[in-house]
Amino acid sequence: MRLASVLPGDLRVLEIGATGPSVARELAEAGHARYLGLIPPDVLDLVRLGSPGLEHRLHPLHGTDQVLRSSTDVLLLRAPYTRLAWALRDLEVRYLAVEVQGAASVGTRGAGLVGRLTGKARQVGRVTCGGADFDLIQLEHPAPPLTRRYLSEVMGVEGLVRRLDEVGARYAVLRWFESLPALAPGEDLDVLVADEHLATVGAVLAEEPGTIPVDLYSETGLEGSDYQGMAYYPPALAAGLLARAVRHASGCLVPAPADHLHSLAYHAVYHKGARSGLPSSVVATLPDPEHDYAAVLVSLARERGVALEVSLEGVDAYLAAAGWRPPPDTLRRMAETNEWIARRHCSVEPGPADLPEAVAFFVRERTLSVLNLDDVLDVLRALEFELVAVRELGSEARARCAADVRGGNWGRGPFRVSGGEPVVVVAALHYGRRPPDAEVLERYPRLTNSDVLLAKNEVRDLVRSRVGEARAFNPVHSSDDELEAWEYLRLALPDGVDELRQVAARRKDDFRTEAPVRAVLRSGRRAKVEVVDGPDGPVVRKTFGAHAARYLEREVRAIQDLAPHVAAVPSVTAVGQNWFALPYFRDVLRVPDRPDGSLVPLRLAREMTGVLREVHARGLDLVDAKPQNFMFDPRYGLKLVDLEFCHRYPGEVPDFREIYAFAGLPADFDGDRPYGKLGYDTLWRPFVGLSRDALLADPAWLQHAKRAAFRLRTGTTTRARAAARRGRDGGRRLRSRMATAYWDWARARALEPVVVTAPRLERPAMANR
């Protein structure tokens, strides 16, 4: 079958190693006129001579890596370039046609087979075109548009300028435009385009197959036109640059002189950093930059009458004075790949972990079409964020935040749709900061509190439950650390941020412990527990955040009610404005927060339930009672602490077996609910190794037997699961390493230099020589 009859629609075709006009003409006759042929330079003139009317579609092949830096729908590989099929994974094309010729065909068919086995390709079959046979492979659908696009040699820079003028696009070629329309091989065009014209310019670039690199950036960093997930320049500066663009001698629109200086300096300092070659006192700059940024900046500054200190620090200071330094939020994002920014602007340590930390949340526009604002705030309250201010953003504040937060990019990210711009800001304080683990830090290197991410994920899950996976979006954006929180709040609430700072300062002062601290036992979302010096020796002090005053009152009242009647409940020794103190006990029990295979000694587990029976007899329920609420002092015995959720039954007291810690909370419970899952199987069984009935009713000898079986079962299961997990992880790592090694080898093989000793040209071309 003929290739043209298989290809759908009017697809772009790129032929590597064309030997004459036959393929181009046959495809054009069938409606595939968007063709580009790349030919070794030493035979290009010969092929052009034999291809009258198609000369403008035949251009030099400067290297095999051009194939990987191209934009086309159909890629035709002619002998001897067929081994480029080994780079199949890196080809973003819809169809790959590999010429069938001799022994070389066996290898390329092997490449196609690997592609099919890995899900990268599907064999279509043998086709003919221009008198040659090809194996046709259909590749998986290419990725969505990226910032890097490609201009066709057929169109060229002059043609691109004409087309952009025809469609009325607002754009600017940002730099290195002095020699245009001439463009050296391998050089690229950096183009900034207005948001509303991004699709139009992208369509112009996709009109023909091409290999001339074009980096296309939009004002606000829309999808496929961003810089590391951000706008290339702060959106307001980008809009101004486009509005002031001037016509260059080549016909291109380029930045006005002042914008040219500023935008190039911005690129050198913030995009390139040490790779710009500009000297620095902060980092060692790399030698041999792509361009002589220092000389060009000096020249541009001299033309503007600007005295410029040509160093990263000096240019940064100049840009700050000119209003071209990125917002702090953007700088922090850039710091992930720019060591100079990280050292110069982002070396701030988090505040003390025992003090409340400010957090800013932005609720995005689409969120309020799915959730009520209270739904979002309830998630934050459940995680004990103290909501200091909740404000709807006015038009000016919304524009400021949209431009200077998230790098100016409020796109969809990994979701199918965008959550929209910020419409509500929440200023919050959070106690008991939980440092993120290594895996989280790898994804969010600036995050200081994992509860911030947990809150966002809870809201995302809530949105997903309402709209489904296909329509899910990112509903909330937050600050990563306290410095960023105050920057966000300054943008969102400029008239109120000082008052918020005062509130935060008071909260921190109130939460500080004035007594000498010997040890920190726990730092939680509501309170911290410390061993401090008391009048007669160490005591345990529990200090509550301002948002948790009701927990303080409830716990002190519960202790006062229970201590005279329940020996395991210690008496309060002192009460302050936001704290109370208990006697210090030497705890040797130390039940872990998570199951680790160890079990609470049976004698103590039985005593714990006895204590809870005494509490139950007083008409009280501790709601989240668990082994972690108990400590054991060898001298004073078992002690019960952490009574923050103590609840008095309003009516008839249920059977002890049905206390909330065992049975969970009823749906109509109107008191404070602990975060997380309740119930016996969560709070008790992993730590005592017995079912509820067995713990409450079985004789000790039977309990010992059941605990032994539990240890054996869970230990075996745990070891088996660990072994299976290690096997899966090891297999996954091995497969990943093997795949990486294979594709690296395949890419290297594909890009090996091709030596053409005897060019094979079509006879018509030779006849017209």
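Start by selecting arginine 366, which sits in the loop between β14 and α13 (373-382). Keep in mind as you click around that this is a predicted model. Arginine 366 counts as partly exposed because its relative accessible area, 38%, falls between the 20% and 50% cut-offs. Show its contacts next: leaving out residues up to four places away in sequence, Arg366 touches Val417, Ser418, Gly419 and Phe473.

Now put a distance label from Arg366 to aspartate 642. The pair is 276 residues apart in sequence, and the C-alpha atoms are 41 Å apart in space.

One residue on from there, pick leucine 643. Not counting residues up to four places away in sequence, Leu643 touches Glu555, Ala558, Ile559, Leu562, Val569 and Leu622. Add Trp684 to the selection: in the largest nonpolar core, which has 57 residues, Leu643 and Trp684 touch the most other members. Then colour helix α20 (residues 602-617), since that helix gives this core its largest share, 7 residues. Apart from this core lies another one, of 39 residues; Tyr227, Ala238, Val315 and Trp340 are among them. As background, nonpolar side chains in soluble globular proteins tend to be buried together.

Next stop: the cavities. How many cavities of 30 Å³ or more are there? The count comes to 7. The largest cavity has a volume of about 50 Å³. To find it, select its lining: Ala358, Val359, Val388, Ala427, Ala428, Leu429, Trp486, Leu489, Leu500 and Ala504. Two or more lining residues come from each of β14 (357-364), β16 (422-430), α17 (482-492) and α18 (497-511). Of these, β16 provides the largest share, with 3 residues.

Finally, go to the open sheet made of 4 strands. Reading across, the order is β8-β11-β10-β9, and the pairing is mixed. Which strands stand at the edges? They are β8 (148-151) and β9 (171-173); each has a single partner strand, so one side of each is left without a neighbour in the sheet. Turn the view and you can follow the twist: neighbouring strands are turned by 30° against each other on average, direction ignored.

Zoom in on β8 and β11 (residues 212-218), which run antiparallel and are joined by 4 bridges. One residue pair to label here is arginine 148 with its bridge partner in β11, aspartate 215. Last, show helix α6 (residues 198-205), which packs on the sheet and touches β8, β10 (189-193) and β11. The direction of α6 makes about 170° with that of β11.

Definitions and conventions. Residues are numbered from 1 along each chain as its sequence is written. This is a predicted model: local features need pLDDT of at least 70, side-chain atom pairs count only at pLDDT 80 or more; totals for chains, interfaces and linings use all residues. Side-chain values use heavy atoms; hydrogens and water are left out. Two strands pair if DSSP finds at least two bridges between them. Axes are lines fitted to C-alpha atoms, for helices over the stretch in contact, and angles run from 0 to 180 degrees between N-to-C directions. Contact means heavy atoms within 4.5 Å. A nonpolar core is a set of buried Ala, Val, Leu, Ile, Met, Phe, Trp, Tyr and Cys residues joined through side-chain atoms within 4.5 Å. Buried means under 20% relative accessible area, exposed over 50%, partly exposed in between (1.4 Å probe, protein chains only). On a 1 Å grid over the protein atoms alone, a cavity is a set of points where a 1.4 Å probe fits but cannot get out, and a pocket is an open set with protein on both sides within 12 Å along at least five of seven lines; lining residues have an atom within 4 Å of a point. Grid points are joined across faces, edges and corners, and a volume is the space filled by probe spheres set on the points.
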